[in-house]
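Please open the structure in a viewer and keep the selection panel at hand. This tour proceeds stop by stop, from the whole chain to single residues.

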Amino acid sequence: MKSQDSSSDAVILLAHGTPDVLGEMDAYLKLVTGGRGVPVEVVHELQERYAHIGLTDEPSALGPHLTRWTLRQVALLEERLGRKIYVGMRNWKPFISDVVGQMKHDGIKRAKAICLAPQNSRTSVGLYKRAIENAASESIEVEFIAGWADHPILAKAFAQRLRAALSLAQTVSGEGRVAVLFTAHSVPSRTVLPSPKPVEYHGMILATGPDTYADDCRLTTKLVAAEVKDILSDRDWHFSFQSQGMSGGPWLGPTVEDTLAGLKHYGYDTVVIQPIGFLCDHVEILYDIDVVFQEAARNLGLSLIRAESLNDSPLLIDALEDLVQPGKTPCYAIAG
């Protein structure tokens, strides 16, 4: 691998972060909520969810799913580009501020920052942007990629996973009807609505102005559906927001549970679910979908099949490479 030349642009990928052991949950949630924290019963409930997907009181050699897959994506991009790629987490180690400090030590003067959340929003991408710009200060000039929900190779990556899941669903369903349900993480409604005053979220002040998050989520959904239009009719795909939070006030919907009930009512037997707002396995996929939504589907008499997460998808790495070096990555067609 080539050494990082201080005169060239560096690349840093930004991710959410997740605790390494169950005992770190309380400290982690305080970071997620801007220092406020959550009631002890919520901490315990989340510890149970994380324990269900493999987190323990002792560090794992592989690390938690989100960290493991993010570092794998970084390694694959490094192999592709032949250069060092930095990675920083907003809510856990390696913290963005610490990584930017290392970049300064390495002599980096310019950096391109890519958030591993393709759909732009105040409550995710906006906070990543603030974190890296505050850490960089005037020492590093940061080019921030504020959203890539419409990237054609990203759509192809999701479509490739969806094709495999649809093939399985058609086998399971036989003569039954199959629907596809695309999902993205919900956010509090007040954080995306237009506001004449700055929006406060867990003690953090967010920017005003239009928030494109919901539109971005549906845009990615439409692009993925278009990639598989030869096997998926427009009338058979739907969208909902998942993993609504426990804090007060309304969150973006419709919920997955309500949508599943509606699909059952309209005669579907099998549902393929694909979260298009996440790039790898983590608790919202491995627990919310694989446990909670599976149980909801069973109770309704539905078969629920989840499309595999992108994780180490070569097409995802193609998309990231194209974000780093626009126009240099061919937009490969997917074989049916």
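The stops below begin with the overall chain and then turn to a helix pair, several loops and two serines.

**The whole chain**

Begin with the entire chain displayed, bearing in mind that this is a predicted model. The secondary structure consists of 11 helices and 10 strands. Taken along the principal axes, the C-alpha atoms occupy a box of roughly 60 × 50 × 45 Å. For 336 residues, a compact globule would be expected to have a radius of gyration near 20 Å, and the chain agrees with this at 20 Å.

Next, switch on the surface. Its accessible area is about 15200 Å², and carbon and sulfur atoms contribute 52% of it. Of the 336 residues in the chain, 53% are buried. Among contacts with a separation of 6 or more, 78% link residues that are 24 or more positions apart.

**Helices α6 and α11**

Select residues 152–173, which form helix α6, together with residues 314–324, which form helix α11. How far apart are the axes of these two helices? The axes lie 8 Å apart, and the packing angle is about 170°. Angles over 145 degrees count as roughly antiparallel, so α6 is roughly antiparallel to α11.

Now show the side chains where the two helices touch. On the α6 side, select Ile153, Leu154, Lys156, Ala157 and Gln160; their counterparts in α11 are Leu315, Leu316, Asp318, Ala319 and Asp322. Sorted by class, this contact between α6 and α11 comprises 6 nonpolar, 1 polar and 3 charged residues.

**The loop before α11**

Move to the loop between β10 (303–306) and α11, and select asparagine 311 there. Although asparagine 311 is not a glycine, its phi is positive, at about 45°. Is asparagine 311 buried or exposed? With a relative accessible area of 3%, asparagine 311 is buried.

Serine 313 belongs to the loop between β10 and α11 as well. The relative accessible area of serine 313 is 0%, so this residue is buried. Setting aside residues up to four places away in sequence, serine 313 touches Ala157, Gln160 and Arg161. For a view across the model, add proline 198: its C-alpha atom is 38 Å from that of serine 313, and the two residues are 115 positions apart in sequence.

**The end of α6**

Return to helix α6 and select serine 173. Which residues does serine 173 contact, apart from its neighbours within four places in sequence? They are Val178, Asp269 and Thr270. Serine 173 has a relative accessibility of 15%; the cut-off for buried is under 20%, and serine 173 therefore counts as buried.

**Backbone exceptions**

The remaining stops concern the backbone. Most peptide bonds are trans, and most residues other than glycine have a negative phi.

- Select lysine 93 and proline 94: the peptide bond from the lysine to the proline is cis, with omega near -5°. Proline 94 sits in the loop between β2 (86–89) and α4 (96–105).
- Select glycine 253 and proline 254, which are joined by a cis peptide bond with omega of about 10°. Proline 254 is located in the loop between β8 (237–242) and α8 (256–265).
- Select serine 137, which is not a glycine but has a positive phi of about 50°. Its place is the loop between α5 (122–136) and β4 (141–145).

Methods: Residues numbered from 1 in each chain as written. Predicted model: local features only at pLDDT ≥ 70, side-chain atom pairs only at ≥ 80, totals over all residues. Heavy atoms only, no water. Axes fitted to C-alpha atoms, helices over the stretch in contact; angles between N-to-C directions. Helix = DSSP H or I, 4+ residues; strand = E, 2+ residues; numbered from the N terminus. Parallel < 35°, antiparallel > 145°, perpendicular 65-115°, else oblique. Contact = heavy atoms within 4.5 Å. Nonpolar A, V, L, I, M, F, W, Y, C, P; charged D, E, K, R; others polar. Rg over C-alpha atoms; globule rule 2.2 N^0.38 Å. Buried < 20%, exposed > 50% of the residue type's maximum accessible area, 1.4 Å probe, protein only. Areas by Shrake-Rupley, 256 points an atom, 1.4 Å probe, with all protein chains shown as cover.
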